[in-house]
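Visitor: I would like a close look at one part of this protein, with its surroundings explained step by step. Please take me through the region where the ends of the chain's sequence meet in space, if there is such a place, and be careful about what is computed.

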Amino acid sequence: MAPAPLSAPGASSQREGSVLICGLGSLGQACLLRLLPFDVPLRCLDRERPDWRDPRLEERFGSTLVLGDMRLPHVLAQAGVASARAVLLLSTESTVNVEAALQVRLLNPTADLVVRSSGQLASLGALLEERLPGVAVVDPLLLTAGAITEALRPGDQEACFRVDGESYLVVEGNDPARRQRRSLRQDGADPVRPLQVVPMASHHHRAAEAVPAARVQGRWLALGRSLGAPLRRWRQCSPLQQAGLLVILALMALGLALFSAGGGWRQGVFVTLALLLGEFVDPVNVMLPPGDGIAAAAPWLIGVTLLYSLIGTLLTSALVAVILERLLRERFGLGRPGRFRRGSRWILLAEGEELAARVADNLVRDGLQVLRIDPRPGPALQRPGLVIVQRWEAALAALQHCRLEGIGLLSVDLLANLQETFQLQKSWPDARYAILSHAVEAAERLGDLLGGVAVISSMDLVADAVVATAFGERVEEICRIDGANHLLVRYRIRQGDGLLGLNLSRVEQGYGVTTIHLLRRGRRSPLVLPSLDLVLAAGDELVVLATLRQLRRIELGCPDPPRWRLRLQGSPRPEGHFTALQSLARHLGGAPGAMAPLLDGGEHLTPALDRELAEQLAEDLRRQGLHCAVEAVAVGDAVASEGLRP
C-alpha cells in the first residue's frame, strides 16, 4: 500500500454512515468478522450468494445481502453506497475493483475507498491515490511479504520493520511473562504496555561491543588471522577439492625431482609447469642434450612427460570450463550454480513468484544470502546475495554443505508446503520454517502443532490492514508479534485531531501503541523513538506500531486513564525554583505560573500521570530539593483526576 498520511484520528469517530463490503470471498468475510465488534453499521454486496465460512455471518447478513455487479450504479445505490462512510472493494479481479472505485466515487464523493489490487496494477493504483482523495489501493502481496520476511530473518528479535529507510527491531514481544498475561485475559484486550523497539544499527553496535575487537589485540593478532586464512579455506573445501589440490602438489614436487637433472631447479620448474599446462614438444626439447635429436631421449622420459602432458591437458580444460561456467552464470545469468562455500549461511525460498521476489529483496537488503527456486521458464540468475534456480535438485545440491537459516515455502498449496517442510526438516532441523496459507483459521496454533513452523495466513494479515484503512488509516507494513498483527501506521496531526495536545506518554500508555518516529514541522530529520514528554502539535507526523483494536480506540478517543500520581512536599531551593516550575508545567501540561501552589511547602497530590512521566518528574523535583513519592491511583480516582489538571 502506498504510504500516505492518515486522516484525523478522532474526527472519523463523529462521522455517521455504514461500511459497505463489496466482494465476500475469503478476504471480504475476514474483514466482516473483524468489523463485527466495532459497532458500526455493515452492508454487503456480491455478484452471487457466497459460501459463508462462519455461521455468524450468514445469520446476520444472509437476508440483507445485495446481489449484483458492483460496477453498476443501480446495484451500488441499492446497497446504500450514497450514505456509506467507507466502501471496501475486495473482488479477486483487480480490474473490477478499479472500475467499481470510479463508479463509487461518482455516487459518494466523501467515502473512504479501499481497493484491492495486484502487482500488475501497482502504477495505476498509485495514480488513483494521487488523483482521487480518500482512495487507498491495497496490495495484499506487499503486506504478506513483510510478515514472511520477519518469520525467516535469523536472530532473537520478535520482529523487524523499516520506517523511512531505517530498520527497527522488536526485542521483547515474545517475553514469557507478557505472553502469560495475555493468555490470562479472556476478553482479547491489548497488551498493557507498548513494545520495546530499538534501532537495528544500535542493536548491532551493542552486539559488536560484546565481542573483543581484533584491533585491541594488536598487529600480531591480525597477522595470526591472515596466516590462518589459508587453513580455514582448506577446511571449507570439499573432500574432492582437497584431493585434487593434493594431487597437483604431488605432481609439482615429483616433476621438480624428475626434470631438474642436468639443468637445475629452474629447468625443473619450467618443464613441470609447461607440461601441466598441456604442452609436450617444447618442454621435452629443453631436456634433450644440445645437438642430439629425439633418438637420444630415454624411454622413461617420453612416457613420463606424455603422462604429465595428458594430465595438464585435463587440468587446463577443467579450468577453462570453470571460468566459462562462472562467466555465463555471473555475467549473463546462465548456467547452474555450483556448491556454495562450506558452512555459508543461506535462506531458501521456494515458489511464490512475485511474493518470493519481494521477500528475497527484503532479505538481501538486510545483508542475507538467498537462494530462490522459481520453476517458471527462464535463465538462472546469480547476483550478490541472490541466486535463482528452476529445480529443487540444483538447489539442494548447492546447499548440501551449507547452513540454512530459514526456509520459506510459498506455494498456494498448503499440503505441498507441509510435505516439503517435513522432508527438509530431516536435513536442516534447526532452520526457521515459514509456510504460506491462503486462508487458514488458527494459523498460529497450527504452527505450534507442527513444531514451531510459522504458518502465515495471507487473508488474516491483509484483513487487519483493510479494516484499518476503512477507518481512514494508511498501513505501511504489518508485523506479526506475539500472535497478533501489529500495523505500522503514519499519522499527520491536524487541528481537531484527537491526539492533538497529548504527550507521547499518553499516546503510548493510554492506547497501548508504540511510537517510532516523530517528525516536527520545520525539521528535516525525524526524532527516532522520541521522548515521552513531547507534546503533539499541529503539523507533526507520527509513526506508531499498533493493533487494529488500538487504532479503533484512537479513532473513538477512548484511552485508558493514567494510574499514577506524585505526592510532593517542601519547597525547592531558590536557585531551582524556576526549574521545578518548568518541570511541573512540562509533565502536567499547564503554564509554569499555574504550578506555583504546588511548591508552597505543603503536601500536595498531582493529577494522575503515566508511570514513566511520574517517575521522571519525581527525579527532577528531588534534584531541586523536594520530597516526592510515586503512588498508584484507583481507577475511579484516575478518571476523575483527568479534569483536575492545572
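Guide: What follows is a walk from the whole chain to one aromatic pair and its surroundings, and then to a few other places.

The model is predicted, and local features are described only where pLDDT is at least 70. The protein chain contains 23 helices and 24 strands, and of its 646 residues 46% count as buried. Its exposed surface comes to about 32100 Å², with carbon and sulfur atoms supplying 57% of that area. When contacts between residues at least 6 apart in sequence are taken together, 65% of them join residues at least 24 apart, and the pair discussed below is joined across 433 residues of sequence.

The setting begins with an open sheet of 6 strands, arranged in the order β3-β2-β1-β4-β5-β6 with parallel pairing. Strands β3 (66-67) and β6 (135-138) stand at its edges, and because each has a single partner strand, one side of each is left without a neighbour in the sheet. Within this sheet, β1 (residues 18-22) and β2 (residues 42-46) run parallel and are joined by 4 bridges, and Cys22 stands opposite Leu45 in β2. Strands of a sheet pair, in general, through backbone hydrogen bonds, in either a parallel or an antiparallel manner. Across β1, β2, β4 (84-89) and β5 (112-116) lies helix α1 (residues 26-35), which runs at about 160 degrees to β1.

The loop between α1 and β2 is where the close look properly starts, for Phe38 lies there. The structure holds 1 aromatic pair, and that pair is formed by Phe38 and Phe471 in an edge-to-face arrangement, with 5.6 Å from centre to centre and 65 degrees between the planes. Phe471 lies in the loop between α18 (458-470) and β17 (475-481), so the pair ties together parts of the chain that are 433 residues apart in sequence. Both partners are covered: Phe38 is buried, with a relative accessible area of 10%, and Phe471 is buried as well, at 3%. The cut-off used here is a relative accessible area under 20%, so both values qualify as buried.

Phe38 shares its loop with Asp39, which is also found between α1 and β2. Asp39 has a positive phi of about 55 degrees although it is not a glycine, and Asp39 is exposed, with a relative accessible area of 71%. The loop therefore holds a buried Phe38 alongside an exposed Asp39.

On the side of Phe471, the ring has a charged companion, since the charged end of Arg552 sits over it at 4.6 Å from its centre. Arg552 is one of the buried residues of α20, together with Leu548, Gln550, Leu551, Arg553, Ile554 and Glu555. Helix α20 (residues 548-556) is mostly covered, with 7 of its 9 residues buried. Those buried residues pack against α1, β4, α18, β18 (484-492), α19 (504-511) and β21 (541-546). Among these packing partners are α1 and α18, the helices that precede the loops holding Phe38 and Phe471. Just after α20, Gly557 takes a positive phi of about 70 degrees.

A few places elsewhere in the chain can be set beside this region. Arg611 lies over the face of Trp564, at 4.3 Å from the ring centre, which is another case of an arginine placed over an aromatic ring. Glu353, in the loop between β10 (345-350) and α14 (354-365), has a positive phi of about 50 degrees although it is not a glycine, and at 42% relative accessibility Glu353 counts as partly exposed. Glu405, by contrast, is found in strand β14 (residues 403-409) and is buried, with a relative accessible area of 13%. Not counting residues up to four places away in sequence, Glu405 touches Pro154, Arg345, Trp346, Ile347, Ala431 and Arg432.

To return to the part in question, the picture is of Phe38 and Phe471 set edge-to-face, with the charged end of Arg552 over the ring of Phe471 and with α20 packing against α1 and α18, among other elements.

Notes. Residues numbered from 1 in each chain as written. Predicted model: local features only at pLDDT ≥ 70, side-chain atom pairs only at ≥ 80, totals over all residues. Heavy atoms only, no water. Pairing = 2+ DSSP bridges. Helix = DSSP H or I, 4+ residues; strand = E, 2+ residues; numbered from the N terminus. Contact = heavy atoms within 4.5 Å. Axes fitted to C-alpha atoms, helices over the stretch in contact; angles between N-to-C directions. Phe/Tyr/Trp six-rings, centres within 6.5 Å; stacked < 30°, edge-to-face > 60°. Buried < 20%, exposed > 50% of the residue type's maximum accessible area, 1.4 Å probe, protein only. Lys NZ or Arg CZ within 6 Å of the ring centre and 35° of its normal. Areas by Shrake-Rupley, 256 points an atom, 1.4 Å probe, with all protein chains shown as cover.
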